[in-house]
Amino acid sequence: MLYHLYELQHATISPLRMAADASKKWLRNPANPMSYTHQGRAAAAACDVFTHITHRYGKPEFGLDTTVINGETVPVTEEIVHSEAFCNLLHFKRETDHLKTQPDDPRLLIVAPLSGHFSTLLRGTVEALLPDHDVYITDWIDARLVPVHLGHFDLDSYIDYLMRFLRKLGPNTHMMAVCQPSVPVVAAASLMAAGNEACQPASMTLMGGPIDTRENPTEVNKFAKQHTLDWFEQHVISHVPLPHAGVMRRVYPGFMQLAGFMSMNWDRHVSAHHDMFNHLVEGDGESADAKRHFYQEYLAVMDMTAEFYLQTLKVVFHEHSLPEGTMRWQGVPVDPSAITKTALLTVEGERDDITGMGQTRAAHKLTTNLPDNMRMHHLQQGVGHYGVFNGRRWREQISPRIKEFIRRHDHEGKGARSAPNVTHINAAE
């Protein structure tokens, strides 16, 4: 009933939102004398903020139409190269035919988190990597849009998708996991290594991922551990209602996930919208638009299947199956010690309040047969969870290290000659 109540609330508020939007436009109309008064600007700002916070946002666009390669602007087009029921493998194809020297850049599969937000949350991540890589990304599909007859999707399915994508892309593909996918990425690499598959990744970069949540547990980890799976099933799992295509599918609704995200930093979100109101009253449209654009992305959320959410809770947060050595994929043991050909880079943020320091670095303890010259750890000072893959420090300090690491461990030597000659950083440092 929870999902149905949410839909009812949304439908009930819709007329109020339309009225507020009309009022906002009239209060800002130059023909209206009130538009020149403080009271008029304040009323228009209030209507603007109301329509903003009550609007339901769909999947945003990546909007990455160009990139710059060796000083030249290159068009970029999006193409779906492989489709599964719950995910599209999206390629950012760089149109380089007009370049005198064709780039021979490493192929990179970015595994976006399936934890509420759309893959477009990694727009800044993709943008920084496009000039130096042939980039693909997992573009997850909102579970409420997937009809029930197309089957279920759980953590095992997630791992299966990753292995299919790697086989589709072929040998010498590099992987990057941002947050939540770190565990399934390690699992996929382990399984392919155990089978000595030619398409096992050349390298994997794990960024702010919960490999072992027993290390420096955060409030998120503690909350997950303190509640049973039955509690989560009873309190956050619901059925998709009409008129969505996935009607009757059991999901963890996006609006519930968003409520959880915002409750962690409620004061900051209230302050941000108060600032947005003041910017609008003062006529500072640029600052108001910056906050508006951020929240249009932040408030756009998607549903996850119940089986994926509950299995992830069990395997990653309750039983710690990967670091404990008890993880299974469709009954097959997942053994990270089998990894010997996939270089490993882990990245953590000093102020990460979602994935504590040490949780991602724990991957090095599991890949016991990986040579030291194929591993590296980077702790970024002064950034929180989102700063690991977005923002100034990501662009200026983190992404250059990742680019160098990928080029140095590219099996075919693509770009290796242009990789900076820097001293390798051992994971133990």
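A residue is called buried when its relative accessible area is under 20%, exposed when that area is over 50%, and partly exposed in between. In this predicted model, Asp212 has a relative accessible area of 8% and is therefore buried. Arg214, with a relative accessible area of 39%, is partly exposed. The side chains of these two residues form a salt bridge, in which the closest N and O atoms are 2.9 Å apart.

This pair belongs to a wider set, since a search of the whole structure finds 17 salt bridges. Another of them joins the side chains of Arg94 and Asp105, with a distance of 3.0 Å from N to O. Arg94 lies in strand S3 (residues 87-94), whereas Asp105 lies in the loop between S3 and strand S4 (107-111), so that the pair, 11 residues apart, links distant parts of the chain. Both Arg94 and Asp105 are buried. A further salt bridge is formed by Lys403 and Asp132, whose closest N and O atoms are 3.0 Å apart. Here the two partners are 271 residues apart, with Lys403 in helix H14 (residues 392-408) and Asp132 in the loop between helix H3 (123-129) and strand S5 (134-140). Lys403 counts as buried because its relative accessibility is 18%, while Asp132, at 22%, counts as partly exposed. Arg94, Asp105, Asp132 and Lys403, together with Arg407, are linked in a network of salt bridges.

The strands named above take part in an open sheet of 9 strands, arranged in the order S1-S2-S3-S5-S4-S6-S7-S13-S14 with mixed pairing. Its edges are formed by strand S1 (66-69) and strand S14 (375-380), each of which pairs on one side only. From one strand to the next, the twist averages 25 degrees. At the S14 edge, strand S13 (residues 343-349) pairs with S14 in the parallel sense over 6 bridges, and Leu345 stands opposite Met376 in S14. Helix H5 (residues 182-194) packs on this sheet, where it touches S4, strand S6 (173-178) and strand S7 (203-207), and its direction makes about 160 degrees with that of S7. Helix H14, which also contains Lys403 of the salt-bridge network, lies across S4, S6, S7, S13 and S14 and runs at about 180 degrees to S14.

The largest nonpolar core has 99 residues, and Phe92 and Met207 are those with the most contacts inside it. When neighbours within four places in sequence are left aside, the residues in contact with Met207 include Met176, Ala177, Val178, Cys179 and Ser182, as well as Val347, Thr360, Val388, Phe389, Trp394, Ile398 and Ile402. One of these contacts, Cys179, counts as buried because its relative accessibility is 13%. Cys199 likewise counts as buried at 13% relative accessibility. The structure holds 0 disulfides.

A second open sheet has 3 strands in the order S8-S9-S10, and its pairing is antiparallel. Strand S8 (238-239) and strand S10 (304-305) are the edge strands, each pairing on one side only. S8 is joined by 2 bridges to strand S9 (residues 250-252), the two strands running antiparallel, and Ser238 stands opposite Val251 in S9. The loop between S8 and S9 contains Gly246, which counts as buried because its relative accessibility is 0%. Although Gly246 and Val148 are 98 residues apart in sequence, their C-alpha atoms are 5.8 Å apart in space. Not counting residues up to four places away in sequence, Gly246 touches Ala143, Arg144, Leu145, Val146, Pro147, Val148 and Val240.

Helix H11 (residues 306-318) is largely enclosed by the rest of the structure, because 11 of its 13 residues are buried. Among these buried residues are Phe308, Tyr309, Leu310, Leu313, Val315, Val316 and Phe317, and they also include Gln311, Thr312 and His318. Just after H11, His320 takes a positive phi of about 50 degrees.

Note on methods: Residues numbered from 1 in each chain as written. Predicted model: local features only at pLDDT ≥ 70, side-chain atom pairs only at ≥ 80, totals over all residues. Heavy atoms only, no water. Disulfide = S-S within 2.5 Å. Buried < 20%, exposed > 50% of the residue type's maximum accessible area, 1.4 Å probe, protein only. Salt bridge = Lys/Arg side-chain N within 4 Å of Asp/Glu carboxyl O. Helix = DSSP H or I, 4+ residues; strand = E, 2+ residues; numbered from the N terminus. Pairing = 2+ DSSP bridges. Axes fitted to C-alpha atoms, helices over the stretch in contact; angles between N-to-C directions. Contact = heavy atoms within 4.5 Å. Core = buried A, V, L, I, M, F, W, Y, C linked by side-chain atoms within 4.5 Å.
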